[in-house]
Amino acid sequence: FSITKKDFDIDYFSGKGKGGQHRNRHKNCVRLYHRDSNTRVTGQSHKERLSNIKEALNNLLNHQNFKMWHRRKVREAIEGKKIEDKVEEMMKIKQDFKIEIKDENGEWNVNNNWIG
C-alpha cells in the first residue's frame, strides 16, 4: 500500500509568534489531516513552507494514531485479511473461548451461554 497526497486534507495558515512580518503575512504553516487514521498534525516552527511540511510529516509519523493505523495496514497486507475478518473467523470456533463473568460476590464464574 502507499500514501499519497490524495489521502490528506492540507490546510495552509499564517503563523503567530516569532518570525515577524514574513511569518505573520504569509501562509507558510501547514496542517495535515490523514483521513484514514483520523490524525491531525501541524508544522509551524519554520518560516519556509517546505520546512513546515517536512515537520508536519515527521509529526504524523510519530503520532500514536498513525502508528497504529500503519501497523494495521502492514498486517493486512502481509496476511491478506482484514483484522475484523480474522476476529470473525476466530469467533466461529466456540470451543476455544472461555468466558468468565464476575458476579455480585466478586467471584469469577465460567459462562459460555452468550456465544450462542
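Buried residues (those under 20% relative accessible area, with a 1.4 Å probe and protein chains only) make up 19% of the 116 residues in the protein. On the same scale, exposed means over 50%, and partly exposed lies in between. The model is predicted: local features need pLDDT of at least 70, side-chain atom pairs count only at pLDDT 80 or more, and totals for chains, interfaces and linings use all residues. Residues are numbered from 1 along each chain as its sequence is written, and side-chain values use heavy atoms, with hydrogens and water left out.

The accessible surface of the protein comes to about 9,000 Å² (Shrake-Rupley method, 1.4 Å probe; for residues, only the protein chains shown count as cover). Carbon and sulfur atoms hold 49% of this surface. Contacts are heavy atoms within 4.5 Å. Of the contacts with a separation of 6 or more, 26% join residues 24 or more positions apart.

The secondary structure comprises four helices and five strands. Both are DSSP runs, numbered from the N terminus: helices are H or I with at least four residues, and strands are E with at least two. From the N terminus on, the order is β-α-β-β-α-α-α-β-β.

Three strands form an open sheet in the order β1-β2-β3, with antiparallel pairing (two strands pair if DSSP finds at least two bridges between them). The edge strands, β1 (8-13) and β3 (39-43), each pair on one side only. The twist averages 15° from one strand to the next. Strands of a sheet pair through backbone hydrogen bonds, either parallel or antiparallel. Six bridges join β1 to β2 (residues 29-34). In one bridge, Phe-13 is partnered by Cys-29 of β2.

Helix α2 (residues 49-62) lies across β1, β2 and β3. The helix runs at about 145° to β3 (axes are lines fitted to C-alpha atoms, for helices over the stretch in contact; angles run from 0 to 180 degrees between N-to-C directions).

Strand β2 also holds His-34. This histidine is buried because its relative accessible area is 1%. Beyond its neighbours within four places in sequence, His-34 contacts Ile-3, Asp-7, Phe-8, Thr-39, Leu-60, Phe-66 and Trp-69.

Ile-3 also belongs to a nonpolar surface patch with Phe-1, Val-74 and Ile-78. Together they have about 390 Å² of accessible area. Patch residues have over 30% relative accessible area and no salt bridge (a side-chain nitrogen of Lys or Arg within 4 Å of a carboxyl oxygen of Asp or Glu). Nonpolar side chains (Val, Leu, Ile, Met, Phe, Trp, Tyr) are joined within 5 Å, like charges within 9 Å. Ile-78 lies in helix α3 (residues 64-79). Ile-78 counts as exposed because its relative accessibility is 69%.
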